[in-house]
Amino acid sequence: MPGPRLLRGSANETLAAELVEEFNTASDTEAAVRLVLHRAVTETRSDRGVISWIEGSEMVVAGCFDPFGELVPVGSRWPLAGEQVSAVALAEGRPEAGSYSSLGVDVPDPALRDTHSRLTHLLVVPVAVAGEDVAILCVSRRRAEEFTAEDGEVLDLIASAGANALRSAHLSDLLGAALLEVAAGRADAASVERIKTDILRLASHELRTPLT
C-alpha cells in the first residue's frame, strides 16, 4: 500500500491546488463532506473518516465515510471536549494523533461508543476559516499502525483546502433552514390574521342581522 504524499515545496502547492479545485465542484453540503472525507481517508490510508460541525459546546456529525465498518449516524452529537485528542487539536490548532485504547470518550449514548469498536488509532485536525474553527476532521485506522507526522501534514492540507467549501455549503444549509422557518412563521401569522378577519366579519354579520 502506498504511503502518504510527502508535502514539500511544489508538491505541496500542486496537491493544494488539486484539492481546492476538486472541493469547489461540490454542489451542496453532502457533496462537499463526501469529497473531503474520501480524500482524507484515501490520502492518509485510513479506514474511516468523520467530519463534525462545531455548534456551541458540541460536535454534530456532518458525515462519515467507512466502506467496511459501522457508520457514525449523521446528526449524532458529541461533547466538544469529550475526548482529549480533539480537545488538544482544537486548543493547539494543529493535527493531533492518538490511540483508541487510551482514549477517554465522554459520550452518554452507548450506540455512539460502539462505533469505536475495532478502531485502533485516530488523527484529528480542526477545519478553520479566518481563524474560526467550524468543524473537526477525524480519520481512523483499524490496523496497528500509528499515524505519522506526514499523515498529519496531509490531513491538515486537506482540511485547509476543504474549509471554504465546507463552510459555504454549511452556511447555505443554515440560511435555507432559517428562511424556511421565517416563511413558516409568516404563514402562521397570515393564518392567524385570516382567522381573526373571518371572526370579525362573522361577528359583524351576526350583529347586523337582527337590525335588518
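No aromatic pairs were found in a search of the whole structure, the count being 0. A cation–ring arrangement is nevertheless present in this predicted model: Arg141 lies over the face of Phe147, at 4.0 Å from the ring centre.

Internal space was examined next. The structure contains 2 cavities of 30 Å³ or more, and the largest cavity holds about 210 Å³ of space. Its lining comprises 16 residues. Those nearest the centre of the largest cavity are Val50, Trp78, Glu83, His116 and Cys138. By class, 11 of the lining residues are nonpolar, 3 are polar and 2 are charged. Four strands each supply at least two residues of this lining, namely S1 (48–55), S2 (58–65), S5 (121–129) and S6 (132–141). Strand S1 makes the greatest contribution to the lining of the largest cavity, with 3 residues.

Model confidence varies along the chain. The mean pLDDT of the chain is 80, and 69% of its residues reach 70 or more. Confidence is highest in strand S5, at a mean of 94, and S5 is also one of the strands that line the largest cavity. The lowest confidence falls in helix H4, which spans residues 110–114 and has a mean of 65. Over residues 1–6, pLDDT stays under 50. For this segment, residues 1–6, the model has 16 contacts beyond four places in sequence.

Technical notes: Residues are numbered from 1 along each chain as its sequence is written. This is a predicted model: local features need pLDDT of at least 70, side-chain atom pairs count only at pLDDT 80 or more; totals for chains, interfaces and linings use all residues. Side-chain values use heavy atoms; hydrogens and water are left out. On a 1 Å grid over the protein atoms alone, a cavity is a set of points where a 1.4 Å probe fits but cannot get out, and a pocket is an open set with protein on both sides within 12 Å along at least five of seven lines; lining residues have an atom within 4 Å of a point. Grid points are joined across faces, edges and corners, and a volume is the space filled by probe spheres set on the points. Ala, Val, Leu, Ile, Met, Phe, Trp, Tyr, Cys and Pro count as nonpolar, Asp, Glu, Lys and Arg as charged, and the others, Gly among them, as polar. pLDDT is the predictor's confidence in each residue, from 0 to 100. Contact means heavy atoms within 4.5 Å. Rings of Phe, Tyr and Trp (its six-membered ring) pair if their centres lie within 6.5 Å; planes under 30 degrees apart count as stacked, over 60 as edge-to-face and the rest as tilted. A charge sits over a ring if NZ of Lys or CZ of Arg is within 6 Å of the ring centre and within 35 degrees of the ring normal.
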